[in-house]
Amino acid sequence: MRILAAIWALAALLASVGFPGSVGAQSGDAEREARAAAAAATYLDLAEQGRFNTLFDYLHPDAQAEVPRSVGLAVFEAIYGQSQPTNAEITGVDVGSWTWPVNGTTYDDAVEVSYRQQFTNQNGERQTLDSVMYLVPLDGQPRWFFGNSRAFIAEAWAKFAPIQPEAQPANTQD
């Protein structure tokens, strides 16, 4: 249950859970804001629908370099499989610079998308999550980030990564 609570902290991932970052207001790029809001709504819908492979495909390549698909899919299932989220409502969009805490890279063209979503907590009660998702454009497509800290990524790896062949016990039967 502790990992589930930590994972919901991540859910604020999809929210990349309230990443500490510094997205600040700039003079409006309404088209970029609209594109990012639409992409965030799509990604949240994919999560709600359980379309985790497609959701993973939209991760920023820097995030994909940190989290293997099998780990990402397992975390998505742990978050969304049990929490029964509702459609998310986009509540704000802000363009500016942001640093992803997992790798320390600063993205000057980031877009912070705030949203609100209801989910069922581990006690079976409905709650409302207010969170943010950070998106960075890549080849014209806003891409999102997984995880809000190096520690979260390490915990996800420890919980969900498959055993590597060299770590598996040798077959002692003939």
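I take contact to mean heavy atoms within 4.5 Å. The model is predicted, so I read local features at pLDDT of at least 70 and side-chain atom pairs only at pLDDT 80 or more, while totals for chains, interfaces and linings use all residues. I number residues from 1 along each chain as its sequence is written, and side-chain values rest on heavy atoms, with hydrogens and water left out.

**Entry 1: the chain as a whole**

I began with the secondary structure, where helices (H or I, at least four residues) and strands (E, at least two) are DSSP runs numbered from the N terminus. I found six helices and four strands, and along the sequence they follow the pattern α-α-α-α-α-β-β-β-β-α. I then looked up burial, where buried means under 20% relative accessible area, exposed over 50%, and partly exposed in between (1.4 Å probe, protein chains only). Of the 174 residues, 42% count as buried. Among contacts between residues at least 6 apart in sequence, 71% join residues at least 24 apart.

**Entry 2: Arg 143**

I turned to Arg 143, which has its place in strand β4, residues 141–144. Leaving out residues up to four places away in sequence, I listed its contacts as Tyr 43, Asp 57, Tyr 58, Leu 59, His 60, Gln 64, Tyr 134, Leu 135, Val 136 and Leu 138. For charge I count Lys and Arg as positive and Asp and Glu as negative, with His and the chain ends not counted. A salt bridge here is a side-chain nitrogen of Lys or Arg within 4 Å of a carboxyl oxygen of Asp or Glu. Which side chain of opposite charge is nearest to Arg 143? I noted Asp 139, at 6.0 Å, and Arg 143 is buried yet has no salt bridge. The side chain of Arg 143 does reach the backbone oxygen of Tyr 58, at 3.2 Å; a polar contact is a pair of N or O atoms within 3.5 Å, where within protein one must be able to donate a hydrogen and the other to accept it, and residues adjacent in sequence count only if both atoms are side-chain atoms.

**Entry 3: the hairpin around Asp 139**

I next followed the pairing of β4, taking two strands as paired if DSSP finds at least two bridges between them. Strand β3, residues 126–138, is joined to β4 by four bridges, and the two run antiparallel. Val 136 stands opposite Arg 143. The two strands form a hairpin with two residues between them. In the loop between β3 and β4 I found Asp 139, which has a positive phi of about 50 degrees although it is not a glycine. Asp 139 counts as exposed because its relative accessibility is 80%.

I set beside this Gln 84, in the loop between α5 and β1, which is not a glycine either and has a positive phi of about 45 degrees. Gln 84 is exposed, with a relative accessible area of 52%.

**Entry 4: helix α2 and Ile 90**

Helix α2, residues 30–48, has 19 residues and reaches 27 Å from its first C-alpha to its last, close to the 27 Å expected at 1.5 Å a residue; the expected span is 1.5 Å times one less than the number of residues. Its buried residues are Ala 36, Ala 37, Ala 39, Ala 40, Tyr 43, Leu 44, Leu 46 and Ala 47. After α2 comes Gly 50, with a positive phi near 75 degrees.

I looked up Ile 90 in strand β1, residues 89–99, and its contacts beyond four places in sequence include Ala 37, Ala 40 and Leu 44. Why does Ile 90 count as partly exposed? The reason is its relative accessibility of 28%.

**Entry 5: salt bridges**

I noted four salt bridges in the structure, and looked up three pairs.

- Glu 31 and Arg 35 have their closest N and O atoms 3.5 Å apart, and both lie in α2, four residues apart, about one turn of the helix.
- Asp 57 and Arg 69 meet at 2.6 Å, N to O. Asp 57 lies in helix α3 (residues 52–57) and Arg 69 in helix α5 (residues 69–83), so the pair ties together parts 12 residues apart in sequence.
- Asp 130 and Arg 116 have their closest N and O atoms 2.7 Å apart. This pair links Asp 130 in β3 with Arg 116 in strand β2 (residues 106–120), 14 residues apart.
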